[in-house]
Amino acid sequence: MNENFLAAYRPQLLSLFRFITGLLLLQYGIAKIFKFPVLPYFANIPPLITAAGAIELVGGALLLLGLFTRPVAFILAGEMAFAYFLGHMFKGGVEAPVFLPLINGGTAAILFCFACLYLATAGGGPYSLDAMMRKKA
């Protein structure tokens with residue numbers, strides 16, 4: 001396939017990618033903090049997961065809007081890496097790590113980590129509050 005296929009739409013797709021990533025992270029934050037939708041997994045979460053939910057709630061909303069995209073995405077990438085290693089890979093303790101994401105349930109955490117790491121380097125795209133603020137300045 002041609003290397004330039006859809007190349008003209010890269011900026012718009014970057015904004016769409018940021019928006020969808022923010023929306024997906026926001027839903028996790030809402031589920032953890034506001035218990036909506038009601039999910040048994042998030043019924044009685046420990047304080048560390050509550051803190052993660054707060055980061056996902058605020059960070060997801062900011063990504064959705066494209067406001068402070070680079071630093072917010074960097075923080076979210078770190079949170080997702082932390083979530084993978086602590087909450088998935090070492091779920092059974094340090095002495096028995098489970099390396100395969102398919103087995104330890106960490107696929108989404110890894111994908112969110114690298115999606116946010118990409119957004120931290122690429123920015124929010126042309127359809128973001130960051131871009132609007134740059135145009136005004």
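# Reading a six-helix model

Colleague: Leucine 6 sits in the segment before α1. What sign does the phi of leucine 6 have?

Modeller: First, the ground rules. This is a predicted model, in which local features need pLDDT of at least 70 and side-chain atom pairs count only at pLDDT 80 or more, while totals for chains, interfaces and linings use all residues. Residues are numbered from 1 along each chain as its sequence is written, and side-chain values use heavy atoms, with hydrogens and water left out. Now the general idea: most residues other than glycine have a negative phi, and most peptide bonds are trans. Leucine 6 is not a glycine, yet its phi is positive, about 65°. With a relative accessibility of 43%, leucine 6 is partly exposed. Here buried means under 20% relative accessible area, exposed over 50%, and partly exposed in between, with a 1.4 Å probe and protein chains only.

Colleague: Where is lysine 35, which also has a positive phi?

Modeller: Lysine 35 lies in the loop between α1 and α2. Its phi is about 60°, although it is not a glycine, and its relative accessible area of 33% makes it partly exposed. That loop also holds proline 37, and the peptide bond joining phenylalanine 36 and proline 37 is cis, with omega about -5°. Just after α2, glycine 66 has a positive phi of about 75°.

Colleague: How many helices and how many strands does the chain have?

Modeller: Both are read as DSSP runs numbered from the N terminus: H or I over at least four residues for a helix, E over at least two for a strand. This chain has six helices and zero strands, giving the pattern α-α-α-α-α-α along the sequence. Its C-alpha trace spans about 50 × 35 × 25 Å along the principal axes. Of the 137 residues, 34% are buried. The exposed area is about 8,800 Å², with carbon and sulfur atoms supplying 76% of it; areas come from the Shrake-Rupley method with a 1.4 Å probe, and for residues, only the protein chains shown count as cover.

Colleague: What span should α2 have, and what is the distance between its end C-alpha atoms?

Modeller: The expected span of a helix is 1.5 Å times one less than its number of residues. The 19 residues of α2 should therefore span 27 Å, and its end C-alpha atoms are 27 Å apart, in agreement.

Colleague: Which residues of α2 are buried?

Modeller: An α-helix has 3.6 residues a turn, so residues three or four places apart point the same way. In α2 the buried residues are Ala52, Gly53, Glu56, Leu57, Gly59, Gly60 and Leu63. They pack against α1, α3 and α5.

Colleague: Which residue forms a salt bridge with lysine 32?

Modeller: A salt bridge requires a side-chain nitrogen of Lys or Arg within 4 Å of a carboxyl oxygen of Asp or Glu. The count by this rule is one. Lysine 32 pairs with glutamate 56, the closest N and O atoms lying 2.9 Å apart. Lysine 32 belongs to α1 and glutamate 56 to α2 (residues 47-65), so the pair ties together parts 24 residues apart in sequence. Both residues are buried.

Colleague: Which residues touch the most other members of the largest nonpolar core?

Modeller: A nonpolar core is a set of buried Ala, Val, Leu, Ile, Met, Phe, Trp, Tyr and Cys residues joined through side-chain atoms within 4.5 Å. The largest one has 13 residues, and those touching the most other members are Leu25, Leu63, Ala73, Leu76, Met80, Cys116 and Leu119. At least two residues of this core come from each of α1 (10-34), α3 (69-89) and α5 (107-122). For contacts in general, the cut-off is heavy atoms within 4.5 Å. Leaving out residues up to four places away in sequence, leucine 76 touches Leu25, Ile55, Glu56, Gly59, Gly60, Leu63 and Cys116. Across the chain, 66% of contacts between residues at least 6 apart in sequence join residues at least 24 apart.

Colleague: Is serine 15 buried or exposed?

Modeller: Serine 15, in helix α1, is buried, with a relative accessible area of 4%. Leaving out residues up to four places away in sequence, serine 15 touches Gly124, Gly125, Pro126 and Tyr127. A polar atom of the serine 15 side chain lies 3.3 Å from the backbone oxygen of glycine 124.

Methods: Polar contact = N/O pair within 3.5 Å; in protein donor to acceptor, adjacent residues only side chain to side chain.
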